[in-house]
Amino acid sequence: MTELSSQKVSFGEKVGYSLGDVAANLVFQIMMIFQLKFYTDVFGLEGAVAGSVFLIACLFGAFFDPLVGVICDRTTTRWGKYRPWVLWTALPFCVFYILAFYNPGIEEKGLVALYATVSYILLIVLYAFNSIPYSSLGGVMTGNIKERTSINAIRFIAVSLAQFFVQGLTLPLVNKFSGEERNMQQGWTTTITLFALVAFVFLVITFLSTRERIQPPPTQQKNLREDIHSTISSIPWRCMFVLVLFIFITSSMWGTSMNFYFQHDIDQQSLYDFLGKLGLTDPHHEKTGLWTVILGSFHLIAYSPSDAYFIGFSLFNMTNAVVQLLGIMFLSQYLANKYGKKQTYMVCLTLTAIFTAMFYLPSPVDVSFIFGLCIFKSLAYASCVPLLWAMIGDVADHVEYVNHRRATGFCFSGISFALKAGLGLGGALAGLILSCFGYESGQISVQSSSAMEGIRLVSSIVPAILFGIGVIVLLFYPITKTYNENMQAELYARRRTESS
């Protein structure tokens, strides 16, 4: 165990690794929070059609993921198996990100839907070739339990910062770049291009700053059938597959629906008044000072209730990101080290489900209540964010522990399959529910009472139930704190013996 504890990763390498997930979240957060609403309000697609685009593209990408994992596991370069893919895919990934939010002048709705589907599929495929090697890289940087938890804690601190900027600044930037003529397509294209450039730089830094330390056993022969069987037959892997599926169905649905919730369910005058209490309104254009200039440059000052949605939803997302960041920094690693990943995740996810369900309760004027729920939900969920990926790394180790075979890429690609499927199902389910309740697409300012009820349900009760299913799945996850410590010690001893 002493030798295992010496397998340290420098702080600089942890930060460099984390920037790769910042890059991914400059894409992923947009997909999860804004993609469905972009399709309905900018591309003008009906909710059910937009949800179908989401589902088709994500399921296509999901079925592509295992192939990516197999390819990565069989890649051999002087840089390792997974690192080079982060570099090779950086540029095309960012290019297709821009194309997915750009309409080249198509007006016929059927062709718009086709373009949206094809461009989104291409983005999802490139996302797979980038994110699966990236996630697999985190599983082979070290076998030390605490170091792996630390890597993921720093990674998700960085992710929370990315979430803060993407969820908080996207709509204000779109509003800013759309110009006085309110060309929303122009605003979106410019904003996404800016994010894509930053993502490209961060992916290159991740490649340059990281190392792969864990290799498959030297005697392991390449055998695809064995890799698939040893992974899929693993009970911990099956549990994580189902957990990730439902977590991302829920995250996609809730993230998307809260966008609609803020625009249509919340009373805009009450939201404007709430922003005024925080100093974020300037109805007479008379405020001065550096802070006002900074906020104004990002369009974070509301001049009338018509600005309340853009700024209010951005503030909600920023609050969520800041609280989540604090939870990751001060709670996740402490709780995981003391109680174990499984126990911590179960308790935190249960609390998350409860607070999510409570979003059904506030009236349209209870803005303070809504932001209060945001704080409690974000704090409860914070520890779940880094622990999920640390647990998947443990699952890859468990497969090796039981079967004497390591297929990290396939293990992560299978989980990525669940993530993509969940993302697509969550978006499709949200779009379908909204359509069934009568939501009208396009720039419609007033929705029917039935549509409002649909928005409230997909923002509270439905995702809370899905979170609850995740809690039930964790009851069957067998890797406890003690089991994991014993497994890692034996694996380290086994690797030393096999390599000597």
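This report walks through some salt bridges, cavities, a surface patch and a few single residues in a predicted model.

## Salt bridges that link distant parts

Let's start with charged pairs. The structure holds eight salt bridges, and three of them are worth a stop here.

One of these pairs is Asp21 and Arg155, whose side chains meet with N and O 2.6 Å apart. Asp21 sits in helix 2 (residues 11-33) and Arg155 in helix 8 (residues 145-177), so this salt bridge ties together parts that are 134 residues apart in sequence. If you go looking for the two on the surface, note that both Asp21 and Arg155 are buried.

Another pair is Arg456 and Asp265, with 3.0 Å from N to O. Here the partners come from helix 19 (residues 449-458) for Arg456 and helix 11 (residues 235-265) for Asp265, so the bridge joins parts that are 191 residues apart in sequence. Arg456 and Asp265 are both buried too.

## A salt bridge inside one helix

Now for a pair of neighbours. Lys37 forms a salt bridge with Asp41, and their closest N and O atoms are 2.5 Å apart. How far along the helix do you have to go from Lys37 to Asp41? Four residues, or about one turn, since both belong to helix 3 (residues 35-41). Like the pairs above, Lys37 and Asp41 are both buried.

## The largest cavity

Next, have a look inside the protein. There are two cavities of 30 Å³ or more. The largest cavity holds about 630 Å³ of space. It has 42 lining residues, and those closest to its centre are Asn25, Phe28, Gln29, Met32 and Phe248.

Which elements build the lining of the largest cavity? Those that give two or more residues are helix 2, helix 7 (109-140), helix 8, helix 11, helix 14 (308-339), helix 16 (367-382), helix 17 (384-403) and helix 18 (408-436). Helix 2 gives the largest share, with eight residues. Sorted by character, the lining of the largest cavity has 24 nonpolar, 14 polar and four charged residues.

## The second largest cavity

The second largest cavity has about 50 Å³ of space. Its lining is made of Tyr17, Ser135, Gly138, Gly139, Arg148, Asn152, Arg155, Trp389, Gly393 and Phe412. You may recognise Arg155 in that list: it is the salt-bridge partner of Asp21.

Helix 7, helix 8 and helix 17 each give at least two residues to this lining. How do the lining residues of the second largest cavity divide by character? Three are nonpolar, five are polar and two are charged.

## A nonpolar patch on the surface

Back to the outside. Leu91, Val95, Leu99, Tyr102, Phe200, Val201 and Ile205 form a nonpolar patch on the surface, and together they have about 550 Å² of accessible area. Helix 6 (90-99) and helix 9 (184-209) each supply at least two of the patch residues.

Take Val201 as one member of the patch. Val201 belongs to helix 9. With a relative accessible area of 44%, Val201 counts as partly exposed, because that class runs between 20% and 50%.

## Two histidines with a positive phi

Time for some backbone angles. Most residues other than glycine have a negative phi. That is why two histidines deserve a closer look.

His285 is not a glycine, yet its phi is positive, at about 55 degrees. You'll find His285 in the loop between helix 12 (268-277) and helix 13 (290-297). Is His285 buried or exposed? His285 is exposed, because its relative accessibility is 57% and the cut-off is over 50%.

His404 also goes against the usual sign, with a positive phi of about 60 degrees. His404 is in the loop between helix 17 and helix 18. Its relative accessible area of 45% makes His404 partly exposed.

## One more residue to find

Finally, look for Phe376, which lies in helix 16. Phe376 is partly exposed, with a relative accessible area of 48%. How far is Phe376 from Cys94 in space? From C-alpha to C-alpha the two are 34 Å apart, and along the sequence they are separated by 282 residues.

Definitions and conventions
Residues are numbered from 1 along each chain as its sequence is written. This is a predicted model: local features need pLDDT of at least 70, side-chain atom pairs count only at pLDDT 80 or more; totals for chains, interfaces and linings use all residues. Side-chain values use heavy atoms; hydrogens and water are left out. A salt bridge is a side-chain nitrogen of Lys or Arg within 4 Å of a carboxyl oxygen of Asp or Glu. Buried means under 20% relative accessible area, exposed over 50%, partly exposed in between (1.4 Å probe, protein chains only). Patches are made of residues with over 30% relative accessible area and no salt bridge: like charges are joined within 9 Å, nonpolar side chains (Val, Leu, Ile, Met, Phe, Trp, Tyr) within 5 Å. Accessible areas come from the Shrake-Rupley method with a 1.4 Å probe; for residues, only the protein chains shown count as cover. On a 1 Å grid over the protein atoms alone, a cavity is a set of points where a 1.4 Å probe fits but cannot get out, and a pocket is an open set with protein on both sides within 12 Å along at least five of seven lines; lining residues have an atom within 4 Å of a point. Grid points are joined across faces, edges and corners, and a volume is the space filled by probe spheres set on the points. Ala, Val, Leu, Ile, Met, Phe, Trp, Tyr, Cys and Pro count as nonpolar, Asp, Glu, Lys and Arg as charged, and the others, Gly among them, as polar.
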